[in-house]
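Q: Could you take a close look at the aromatic pairing in this model and walk me through it? I would like to see how the rings sit and what surrounds them in the fold.

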Amino acid sequence: DGGGGRPRVCAGAEPAQRGGRQRARPGIRCEADRRKEVAAKGAGMPEVDYVVITAGTYDILIETVCEDNEGLLRFLAERLRTIDGVRETETFVYLRMVKQSYQWGTR
């Protein structure tokens, strides 16, 4: 539900169609009380498709699509890790997408 009782439509393109080939999911640990600020800055980056503030090992999870491994390395080292409030990151690189499904709401 997208609010107001109207359903949400979510579309996604394959990374190769968008010019990107290397998908990854960095987990981010932030300095105390900086989660919202870090999440907003990450959400504004064109490489980032998905941002969520979490409860658990990481404060934030993002999904990113880069052209290749070199592009991912540049993104991590020069952009993500330089955001004020980012304490540390751990990146999970996608080797093979087995299933991807977007279903909003409850089942």
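**A close look at the aromatic pair**

A: Happy to! To set the scene, the protein chain has a secondary structure of 2 helices and 4 strands. Please keep in mind that this is a predicted model. Read from the N terminus, the elements follow the order β-α-β-β-α-β.

Now to the part you asked about. The structure contains 1 aromatic pair. Its partners are Y58 and F92, and because their ring centres are 6.3 Å apart and their planes meet at 85°, the pair is edge-to-face. The cut-offs behind that call are centres within 6.5 Å for a pair and planes over 60 degrees apart for edge-to-face. Those two quantities, the distance of the centres and the angle of the planes, are how a pair of aromatic rings is described.

Where do the two rings come from along the chain? Y58 sits in the loop between β2 (48-53) and β3 (60-66), while F92 belongs to strand β4 (residues 86-93), so the pair ties together parts that are 34 residues apart in sequence.

The two partners also fall into separate accessibility classes. Y58 has a relative accessibility of 11%, so Y58 counts as buried, the limit for that class being under 20%. F92, with 41% relative accessibility, counts as partly exposed.

Strand β2, which comes before the loop of Y58, is also home to D49. With a relative accessibility of 39%, D49 counts as partly exposed. The C-alpha atoms of D49 and E63 are separated by 5.5 Å, although these residues are 14 apart along the chain.

Another loop deserves a glance, the one between β1 (22-30) and α1 (35-43), where D33 is found. D33 has a phi near 60°, a positive value in a residue other than glycine. For context, most residues other than glycine have a negative phi. At 78% relative accessibility, D33 counts as exposed.

Finally, here is the chain as a whole. Of its 107 residues, 31% count as buried. Among the contacts between residues at least 6 apart in sequence, 67% join residues that are at least 24 apart. The accessible surface of the protein chain comes to about 7500 Å², with 48% of it belonging to carbon and sulfur atoms.

Terms used. Residues numbered from 1 in each chain as written. Predicted model: local features only at pLDDT ≥ 70, side-chain atom pairs only at ≥ 80, totals over all residues. Heavy atoms only, no water. Phe/Tyr/Trp six-rings, centres within 6.5 Å; stacked < 30°, edge-to-face > 60°. Buried < 20%, exposed > 50% of the residue type's maximum accessible area, 1.4 Å probe, protein only. Contact = heavy atoms within 4.5 Å. Areas by Shrake-Rupley, 256 points an atom, 1.4 Å probe, with all protein chains shown as cover.
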